[in-house]
Amino acid sequence: MAGARASARRRAALAAVITLILLASVSFLLSATATSSASATANSPALRLAVVQRHAEDHAAVLAAYTAHARHLSAASASQTDAFLSISSRLSALAARLSLSTVGALEKEIKAQVKRARSLAGGAKEAFDTQSKIQKLSDTVFAVGQQLLRARRAGVLNSRIAAWSTPKSLHCLAMRLLEARLANASAVPDEPAVPPPQLADPSLYHYAIFSDNVLAVSVVVASAARAAAEPSRHVFHVVTAPMYLPAFRVWFARRPPPLGAHVQLLSVADFPFLNASYSPVLRQIEDGNRDVALLDYLRFYLPEMFPALRRVVLLEDDVVVQRDLAGLWRVDMGANVNAALHTCFGGFRRYGKYLNFSEPVVQESFSHRACAWSYGVNVFDLQGWRREQCTQQFHRFMEMNENGTLWDPTSVLPVGLMTFYGKTKPLDKSWHVMGLGYNPHIRPEDIGGAAVIHFNGNMKPWLDVAFNQYKHLWTKYVDTEMEFLTLCNFGL
């Protein structure tokens, strides 16, 4: 009886062991099957198809984007454009043909085309990359500066170097406008012998712009007029070189200022007092000092140019006006002559940056820690200017710097800092946001809230190297219906 019970227990134990073995085997088999299934899924044609198709479509999109850029380049880029289009269309066609049945046959061809596309896109990236543009421009400016330095030392100015000052498209525009005036002079009236009374009405809002860039000036005038609450109360006095005055007349005869704003077009020849016996600027230019640009220095004669006016706002030609500027005539100037945007932050852009403080006359008269300011938007109290005799002070500084030891004569700002030292009121920064010609990281809210945005720097909005994220802020005021823009290859 006891033996039978022992035998039964052994059979039960054996059965349990066999059951456990069977369960382990089944578990192993199921696990292996799942793993095999996952592996098979990972290597399935469907997944490979999705990966390959995604790569093809991504590279096709990249090349399509570069194609859009390449279309705007000159004819020299036509072959690059064709290459972009060819590979992009091939990739798009191959992606459309992909199916489970063809993935094996097409995968090799797709990879070859993707490899070629990656190589082509990598080579083209340099042409469209902003930082690359900045570096190339900096290298070019440095190289031209070195050539200019060598030319000055040799006592000559190479005409090829001088041509860098104005892009070919701007020269072309001026020449086309001059041709239009010669072809139909009667359609372009001269300034009337007796100026309209609003040009000298001190109760209106008067601006001064010194420039030989007719396209840039047209943008300044159009943007300011459209932003104004009362455009007919805004008067723009544009002063240019005599050779460019006819071109300005043609432009504004065909495209008058919008909304009833007024424009007066003048040249240096319209101001008889500007002669070498009165102005050290003219005398230095006549003596061969090519570092002094007359148009840049004419701003120091505003009270003599416009004797009837009490206040004038100076605008540079590389600005865009986004908000009514009438409030600038309500700025409390106190005893100051100039109101401008101060540009010092910590030790940044103070007088020590612009003046040679190793010269005793500079050390004795100015503080190297004094805060500098900027041109671009400047409110000038002409009555205070006359009272403080600022033009006479300017003349004295120009005579002291005839040999270029006090400041760099190629820049007009240092002598402005000296002339209006202790006479400049800080302008609220919402009036004037700078840097759109050299800084790609300006906050959009700062740009959107600014009355005036300033493309100071080398990357001007009318040049190919302009920042794409800012350029539209300028081009939207360009009169693209003017036929000469197309003829002169402006990439707007």
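# A tour from β9 inward

Select Val433 first: across from Val433, in β10, stands Ile453. Strands here are DSSP runs of E with at least two residues, helices are runs of H or I with at least four, and both are numbered from the N terminus.

Before moving on, note that this is a predicted model, in which local features need pLDDT of at least 70 and side-chain atom pairs count only at pLDDT 80 or more, while totals for chains, interfaces and linings use all residues. Residues are numbered from 1 along each chain as its sequence is written, and side-chain values use heavy atoms, without hydrogens or water.

**Stop 1: the three-stranded sheet**

Extend the selection to β9 and to β10 (residues 452-454); the two pair in the parallel sense over two bridges. Two strands count as paired if DSSP finds at least two bridges between them. Now add β5. The three strands make an open sheet, ordered β5-β10-β9, with mixed pairing. β5 (319-321) and β9 (432-433) are its edge strands, each pairing on one side only.

**Stop 2: the second largest pocket**

Stay with Val433. Which residues lie nearest the centre of the second largest pocket? They are Leu341, Phe345, His432, Val433 and Met434, out of 19 lining residues. Rolling a probe the size of a water molecule over the atoms shows where empty space is left. The search uses a 1 Å grid over the protein atoms alone: a cavity is a set of points where a 1.4 Å probe fits but cannot get out, whereas a pocket is an open set with protein on both sides within 12 Å along at least five of seven lines. Lining residues have an atom within 4 Å of a point.

The volume of this pocket is about 480 Å³. That is the space filled by probe spheres set on the points, with grid points joined across faces, edges and corners. Colour the lining by class: eight residues are nonpolar, eight polar and three charged. Nonpolar covers Ala, Val, Leu, Ile, Met, Phe, Trp, Tyr, Cys and Pro; charged covers Asp, Glu, Lys and Arg; the others, Gly among them, are polar.

**Stop 3: the seven-stranded sheet**

Next, show the other open sheet. Seven strands run in the order β3-β2-β1-β4-β7-β6-β8, with mixed pairing. The edges are β3 (262-267) and β8 (424-426), each paired on one side only. From one strand to the next, the twist averages 25°.

Select β4 (residues 311-315) and β7 (residues 377-381). They run antiparallel and are joined by five bridges. Val312 stands opposite Phe380 in β7. Then move to β1 and β2, which pair in the parallel sense over six bridges. Tyr205 has His234 of β2 as its bridge partner.

Is β2 mostly covered or uncovered? It is mostly covered, with seven of its seven residues buried. Buried means under 20% relative accessible area, exposed over 50%, and partly exposed in between (1.4 Å probe, protein chains only). His234, Phe236, Val238 and Thr240 point one way from β2, and Val235, His237 and Val239 point the other way.

**Stop 4: helices on the sheet**

Add α9 (residues 245-254). This helix lies across β2 and β3, at about 165° to β3. Axes are lines fitted to C-alpha atoms, for helices over the stretch in contact, and angles between N-to-C directions run from 0 to 180 degrees. Seven of the 10 residues of α9 are buried, so the helix is largely enclosed by the rest of the structure. The buried ones are Leu245, Ala247, Phe248, Arg249, Val250, Trp251 and Phe252.

**Stop 5: two positive phi values**

Follow the loop between α9 and β3 to Leu259. Its phi is near 60°, positive in a residue other than glycine. Leu259 counts as exposed, at 56% relative accessibility.

Jump to Gln389, in the loop between α15 (382-388) and α16 (390-400). Gln389 is not a glycine either, yet it has a positive phi of about 55°. Its relative accessible area is 48%, so Gln389 is partly exposed.

**Stop 6: Val362**

Select Val362, in helix α14 (residues 360-365). It is buried, at 0% relative accessible area. Leaving aside neighbours within four places in sequence, Val362 is in contact (heavy atoms within 4.5 Å) with Leu355, Asn356, Phe357 and Leu406. Trp407 is 45 residues away along the chain, and the C-alpha atoms of Val362 and Trp407 are separated by 9.8 Å.

**Last view: the whole chain**

Zoom out. The chain has 20 helices and 10 strands. Of its 492 residues, 44% are buried. Among contacts between residues at least 6 apart in sequence, 74% join residues at least 24 apart.
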